[in-house]
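Biologist: I should be grateful for a close look at one part of this protein, followed by an account of what surrounds the topic. Please explain each step as you would to a first-year student.

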Amino acid sequence: MREHELPAPQRRGRGKGRFDDDEPQFLKRGRAAEPALAEPDDEPDPEDRWSSWDEAVHGPEPHPDWLVTELAARDTELGVLKTGKEADVHLVRRGVPDTGRSCLLAAKRYRDAQHRLFHRDAGYLEGRRVRRSRENRAMAGRTAFGRQMIAGQWAAAEFAALSRLWEIGSATGRIAVPYPVQLIGTELMLEFVGDPDEGTAAPRLAQLRPEGAELRSLWEQLVDALVVLARAGYAHGDLSPYNLLVHRGRLVMIDLPQVVDVVANPQGPEFLARDVRVVGAWFASRGLPPDGADPAELTGLLLREAGIR
């Protein structure tokens, strides 16, 4: 799945809304740069960076036990997990030097204003508005500033949706999403879903050929997740077997930047219905009985759960 590798993002100072790849290295905030006097271990290696935890918006509390939050930690780039039209996902190990404390993270980095594709933004962004008219005009006109605003909206929308769904899933067990670790600008760091020892990501549903009881279990998990989404007022907006992972028998929903408010967005019910059609067709093609995956019946149920009908 690797098509190419992008340069690892460099560390940003507080208040900046973009990555600056021209800077060779960023020092930990508050530390003076003294190259001639620094000890060899004082700064990260060129392929590493200091943990950006102290600069970020954090995920829901309590934070998971596996998550490294120490400010002395370093983030080491391990490669690209996935490339896409809107964002690339990198594998990052965050660890505290000279200790055994570390964790794997998936760093989702939205493309900059020149390289992202915005052909689908208009429909998804209906119902999402910022307060200041300047930003709204820039977004509507697709200026460079407006495109950067949109990229930030996509990252923020995904972080907010994942945070809410993580909390619901923790309380009910009815939906599984990666834990949203942190958000800085257009970079979203997530729990790595897969084998942490080998750094192997969990397979996508589209890669599998489940049958019988396994197929039925995955479908029931998906229906539960869609009901949770609808009750929270959401439709995934781009749901398919390619953004559903299967990890140790558990269905995990990913890729929610285009999450749709089914009430505020006039096209919300259409997005929801399309999600159901796409995943329903996949399960039916794998042998799920038609009476167990009726798209019209499930769509009606979800719209009622969302309070639309």
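Is Phe-283 buried or exposed, and what is its relative accessible area?

Modeller: Phe-283 is buried, with a relative accessible area of 0%. Please keep in mind that this is a predicted model. Phe-283 is one of the buried residues of helix H5, which also include Phe-271, Leu-272, Val-276, Val-279 and Trp-282. Trp-282 has a relative accessible area of 11%. Because buried means under 20% relative accessible area, Trp-282 counts as buried as well.

The helix itself can be checked with simple arithmetic. H5 runs over residues 268-285 and holds 18 residues, so at 1.5 Å a residue it should span 26 Å. Its end C-alpha atoms are 26 Å apart, which agrees with that expectation. After H5 comes Gly-287, which has a positive phi, near 110 degrees.

The rings come next. In total the structure holds 4 aromatic pairs. In one of them, the ring centres of Trp-166 and Tyr-179 are 5.0 Å apart and the planes stand at 70 degrees, so this pair is edge-to-face. Trp-166 belongs to helix H3 (residues 144-172), while Tyr-179 lies in the loop between H3 and strand E6 (180-184); the two residues are 13 residues apart, and their pair links distant parts of the chain. Their surroundings can also be stated: Trp-166 is partly exposed, with a relative accessible area of 22%, whereas Tyr-179 is buried at 0%. Returning to H5, Phe-283 and Trp-282 also form an edge-to-face pair, with 5.1 Å from centre to centre and 80 degrees between the planes. Elsewhere, ring pairs join Trp-66 with Trp-166 and Tyr-179 in a cluster. A ring may also face a charged side chain: Arg-74 lies over the face of Trp-50, at 5.3 Å from the ring centre.

The strands form a further part of the picture. Strands of a sheet pair through backbone hydrogen bonds, either parallel or antiparallel. Here, 7 strands make up an open sheet in the order E1-E3-E4-E5-E7-E6-E2, and the pairing is antiparallel. At the edges stand strand E1 (48-50) and strand E2 (57-58), each of which pairs on one side only. Within the sheet, strand E5 (residues 102-110) and strand E7 (residues 187-191) are joined by 5 bridges in the antiparallel sense. One bridge sets Ala-107 against its partner Met-189 in E7. Another antiparallel pairing joins strand E11 (residues 244-247) to strand E12 (residues 250-253) through 4 bridges. Leu-245 stands opposite Val-252 in E12. The hairpin of E11 and E12 has 2 residues between the strands, and Arg-248 takes a positive phi there, near 55 degrees.

Finally, we turn to charge. Side chains of opposite charge can pair when their charged atoms come close. The count for this model comes to 12 salt bridges. One of them joins Arg-49 and Glu-187, at 3.1 Å from N to O. Since Arg-49 lies in strand E1 and Glu-187 in strand E7, this salt bridge ties together parts that are 138 residues apart in sequence. Arg-49 is buried, with a relative accessible area of 8%, and Glu-187 is buried at 1%.

A salt bridge with partly exposed partners is formed by Arg-101 and Glu-70, whose closest N and O atoms are 2.9 Å apart. Arg-101 lies in the loop between strand E4 (87-95) and E5, and Glu-70 in the loop between E2 and strand E3 (74-83), so that distant parts of the chain, 31 residues apart, are linked. The relative accessible area is 30% for Arg-101 and 31% for Glu-70, and both residues are therefore partly exposed.

Arg-111 and Asp-88 form another salt bridge, at 3.1 Å from N to O. Arg-111 is placed in the loop between E5 and helix H1 (121-125) and Asp-88 in strand E4, 23 residues apart. Both Arg-111 and Asp-88 are buried. Salt bridges that share partners also gather Arg-49, Asp-75, Glu-77, Arg-94, Arg-109 and Glu-187 into one network.

Note on methods. Residues numbered from 1 in each chain as written. Heavy atoms only, no water. Phe/Tyr/Trp six-rings, centres within 6.5 Å; stacked < 30°, edge-to-face > 60°. Buried < 20%, exposed > 50% of the residue type's maximum accessible area, 1.4 Å probe, protein only. Lys NZ or Arg CZ within 6 Å of the ring centre and 35° of its normal. Pairing = 2+ DSSP bridges. Expected span 1.5 Å × (residues − 1). Salt bridge = Lys/Arg side-chain N within 4 Å of Asp/Glu carboxyl O.
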